[in-house]
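Here's a quick tour of charged side chains and a pocket. Have the sequence and the 3D view open as you read.

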Amino acid sequence: MLGMLFNEKECKELDYVLRKELDEMLLDMSDHRLDQDIRHAIANRYKTIFRMYARFAPSKELSKYARKARFPQAKQ
């Protein structure tokens with residue numbers, strides 16, 4: 001496990017970057033023109049980024065990115 005120290009400005013920037021990345025991935029996963037394998041790869045990356053964001057985001061903000069409510073996953 002790695003640890004990092006951020007000042008307040010850096011925390012806000014990291015918050016912004018992660019939220020924008022989550023927004024982009026949600027948009028990409030909803031694009032049915034993309035191949036299923038690509039959307040699956042994006043979904044795996046989304047899980048990682050979401051867990052990073054969940055470490056410091058307030059629950060109200062976190063609920064905006066809860067994926068199951070927005071995009072139910074297909075049975076595999």
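Which side chain of opposite charge is nearest to Arg-39, and how far away is it? Keep in mind that this is a predicted model.

## The arginine without a partner

The answer is Asp-31, at 6.7 Å. Arg-39 is buried yet has no salt bridge; a salt bridge needs a side-chain nitrogen of Lys or Arg within 4 Å of a carboxyl oxygen of Asp or Glu, so 6.7 Å doesn't make the cut.

Arg-39 sits in helix 2, which covers residues 36–54. What its side chain does reach is a backbone atom: the oxygen of Leu-34, at 3.3 Å.

## Charges that do pair up

Side chains of opposite charge can pair when their charged atoms come close. Searching the whole structure turns up 4 salt bridges. Asp-31, the residue that came up for Arg-39, has a salt bridge with Arg-33, where the closest N and O atoms are 3.0 Å apart. Arg-33 counts as exposed because its relative accessibility is 75% and the cut-off is over 50%.

Another pair is Arg-19 with Asp-15, again with closest N and O atoms 3.0 Å apart. Both lie in helix 1, 4 residues apart, or about one turn of the helix. How do their accessibilities fall around the 20% line for buried? Asp-15 has a relative accessible area of 19%, so it counts as buried, while Arg-19, with 22%, is partly exposed. Then there's Glu-61 with Lys-64, whose side chains meet in a salt bridge at 3.1 Å, N to O. Glu-61 is partly exposed at 25% relative accessibility, and Lys-64 is partly exposed too, with a relative accessible area of 45%.

## The second largest pocket

Rolling a probe the size of a water molecule over the atoms shows where empty space is left. The second largest pocket comes out with a volume of about 310 Å³. What kinds of residues make up its lining? The split is 9 nonpolar, 1 polar and 1 charged.

By name, the lining takes in Met-1, Leu-2, Gly-3, Met-4 and Phe-6, then Cys-11, Leu-14 and Leu-18, and finally Met-52, Arg-55 and Phe-56. Helix 1, residues 8–30, supplies the largest share of that lining, with 3 residues. Helix 1 is also where the Arg-19 and Asp-15 pair lies.

Terms used. Residues numbered from 1 in each chain as written. Predicted model: local features only at pLDDT ≥ 70, side-chain atom pairs only at ≥ 80, totals over all residues. Heavy atoms only, no water. 1 Å grid on protein atoms, 1.4 Å probe; cavity = no way out; pocket = protein on both sides within 12 Å on 5 of 7 lines; lining within 4 Å. Points joined across faces, edges and corners; volume = space filled by probe spheres on them. Helix = DSSP H or I, 4+ residues; strand = E, 2+ residues; numbered from the N terminus. Nonpolar A, V, L, I, M, F, W, Y, C, P; charged D, E, K, R; others polar. Buried < 20%, exposed > 50% of the residue type's maximum accessible area, 1.4 Å probe, protein only. Lys, Arg positive; Asp, Glu negative; His and termini not counted. Polar contact = N/O pair within 3.5 Å; in protein donor to acceptor, adjacent residues only side chain to side chain.
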